[in-house]
Amino acid sequence: MRKNIVAGNWKMNTTLAEGLALAKGLNEALKGKTTNCSVVIGTPFTHLASIVSTIDPEKISVAAENCADKEKGAYTGEVSAAMVASTGANHVILGHSERRAYYHETPEILKDKVILALANGLTPIFCIGEVLAEREAGTHFEVVNNQLNKSLFNLSKEDFQKIVLAYEPVWAIGTGKTATSAQAQEMHAHIRQTLANQFGNDIAQETSILYGGSCNKDNAAELFANPDVDGGLIGGASLSVENFLPIIAAFDHLKLPS
């Protein structure tokens with residue numbers, strides 16, 4: 001069966017001290033709780049090793065927010081998949097819309113990043129999704145299909161089974177807009193059918209597909225109730241335990257601190 005996952009993406013936020021305090025707070029809040037989902041926090045590179053040594057790995061997994069598309073070498077400022085894995089992190093967020101838009105990451109670059117991440121034992125959380133103009137033009141299904149095809153459909157069935165997908169309606173990231181529950185389910189179901197066409201229905205049904213567009217404590221339960229929405233990739237709401245924990249609770253029905 002596929003996993004339910006709630007993953008935080010801190011983006012370029014928190015100093016090391018702030019990040020450690022946030023991770024410790026979440027770790028403490030989950031202590032003694034039973035969750036029915038995996039919890040992942042995506043942190044800046046500078047925080048990875050320190051946070052890995054701080055949290056309970058049975059409760060929380062740690063992700064890098066990116067990795068390089070090269071194995072090693074004279075690439076000043078880059079961080080390789082092997083470097084990420086050496087910190088003890090076990091996930092990496094790839095293909096986020098901000099990386100595609102601001103840093104011009106192409107499908108070919110992302111294909112190489114995925115291959116290197118897998119080779120180093122990392123689980124990619126691979127982001128796909130359309131911008132507002134594409135949604136309004138009615139090409140959103142085609143856009144998502146192309147992103148999958150050009151970056152992931154080169155993988156073997158065995159390797160694709162190690163991928164987690166995150167659907168981001170880019171027009172709903174940080175804008176306060178959210179895809180309706182019906183829109184989210186429609187796209188997630190489409191993605192799953194596309195996977196079935198490529199890899200077979202068994203693999204499609206085993207693949208976790210997260211929703212990543214302004215998900216918060218007020219709308220998480222409705223979004224997660226959809227049969228093809230397996231959790232969330234959470235941005236701003238993951239930057240405090242107070243806001244992040246209710247999103248986990250929406251999935252897992254755990255008892256929140258009073």
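**Exercise 1. The length of helix 5**

Task: In this predicted model, work out what span helix 5 should have at 1.5 Å a residue, and compare that with the distance between its end C-alpha atoms.

Solution. Begin with the residue count, which is 13 for helix 5. The expected span of a helix is 1.5 Å times one less than its number of residues, and for helix 5 this gives 18 Å. The end C-alpha atoms of helix 5 are 18 Å apart, so the expected span and the modelled distance agree.

**Exercise 2. What helix 5 buries, and what follows it**

Task: Find which residues of helix 5 are buried, name elements that cover them, and then describe the glycine that comes just after the helix.

Solution. The first step is to list the buried residues of helix 5, which are Leu-110, Lys-113, Val-114, Leu-116, Ala-117 and Leu-118. An α-helix has 3.6 residues a turn, so residues three or four places apart point the same way. The second step is to look at the cover over these buried residues, which includes helix 3 (81–86), strand 4 (91–94), helix 4 (97–102), strand 5, helix 7 (140–151) and helix 8 (157–160).

The third step moves past the end of the helix to Gly-121, which sits in the loop between helix 5 (107–119) and strand 5 (123–128). Gly-121 takes a positive phi of about 75°, and because its relative accessibility is 58%, Gly-121 counts as exposed. For a sense of distance, Gly-121 and Ile-173 are 52 residues apart in sequence, and their C-alpha atoms are 29 Å apart in space.

**Exercise 3. A loop asparagine that meets helix 5**

Task: Decide whether Asn-66 is buried or exposed, and find which side chain it joins through a polar contact of 2.8 Å.

Solution. Start by placing Asn-66, which lies in the loop between strand 3 and helix 3. Its relative accessible area is 9%, and therefore Asn-66 is buried. Next, follow its side chain, which is joined to the side chain of Lys-113 by the polar contact of 2.8 Å; Lys-113 is itself one of the buried residues of helix 5. Finally, leaving aside neighbours within four places in sequence, the contacts of Asn-66 include Phe-45, Val-84, Val-92, Arg-99 and Glu-105.

**Exercise 4. Helix 1 and the cavity**

Task: Compare the reach of helix 1 with its expected span, and establish how much helix 1 gives to the lining of the largest cavity.

Solution. Helix 1 has 15 residues, and from its first C-alpha to its last it reaches 21 Å, close to the 21 Å expected at 1.5 Å a residue. Its buried residues are Gly-19, Leu-20, Leu-22, Ala-23, Leu-26, Asn-27, Ala-29 and Leu-30. After the helix comes Gly-32, whose phi is positive, near 80°.

Turn now to the cavity. The structure holds one cavity of 30 Å³ or more, and the volume of the largest cavity is about 30 Å³. Its lining is made up of Trp-10, Leu-22, Ala-23, Leu-26, Ile-41, Ser-238, Ser-240, Val-241 and Phe-244. Two or more residues of that lining come from each of helix 1 (16–30) and helix 12 (241–252), and helix 1 gives the most, with three residues. Sorted by character, the lining divides into seven nonpolar residues, two polar and no charged.

**Exercise 5. A strand residue beside helix 1**

Task: Determine how far apart the C-alpha atoms of Ile-60 and Leu-30 are, and which residues Ile-60 touches.

Solution. Ile-60 belongs to strand 3 (residues 60–64), and because its relative accessibility is 1%, Ile-60 counts as buried. Although Ile-60 and Leu-30 are 30 residues apart along the chain, their C-alpha atoms are separated by 8.8 Å. Not counting residues up to four places away in sequence, Ile-60 touches Leu-26, Asn-27, Leu-30, Val-39, Ile-41 and Ile-55.

**Exercise 6. A second buried asparagine**

Task: Trace where the side chain of Asn-226 makes a polar contact with another side chain, and which backbone oxygen it reaches.

Solution. Asn-226 is placed in the loop between helix 11 (220–224) and strand 8 (231–234), and because its relative accessibility is 13%, Asn-226 counts as buried. Its side chain makes a polar contact with the side chain of Ser-181 at 2.8 Å, and it also reaches the backbone oxygen of Leu-223 at 3.0 Å. Leaving aside neighbours within four places in sequence, Asn-226 is in contact with Ser-181 and Gln-185.

Conventions. Residues numbered from 1 in each chain as written. Predicted model: local features only at pLDDT ≥ 70, side-chain atom pairs only at ≥ 80, totals over all residues. Heavy atoms only, no water. Helix = DSSP H or I, 4+ residues; strand = E, 2+ residues; numbered from the N terminus. Buried < 20%, exposed > 50% of the residue type's maximum accessible area, 1.4 Å probe, protein only. Contact = heavy atoms within 4.5 Å. Polar contact = N/O pair within 3.5 Å; in protein donor to acceptor, adjacent residues only side chain to side chain. 1 Å grid on protein atoms, 1.4 Å probe; cavity = no way out; pocket = protein on both sides within 12 Å on 5 of 7 lines; lining within 4 Å. Points joined across faces, edges and corners; volume = space filled by probe spheres on them. Nonpolar A, V, L, I, M, F, W, Y, C, P; charged D, E, K, R; others polar.
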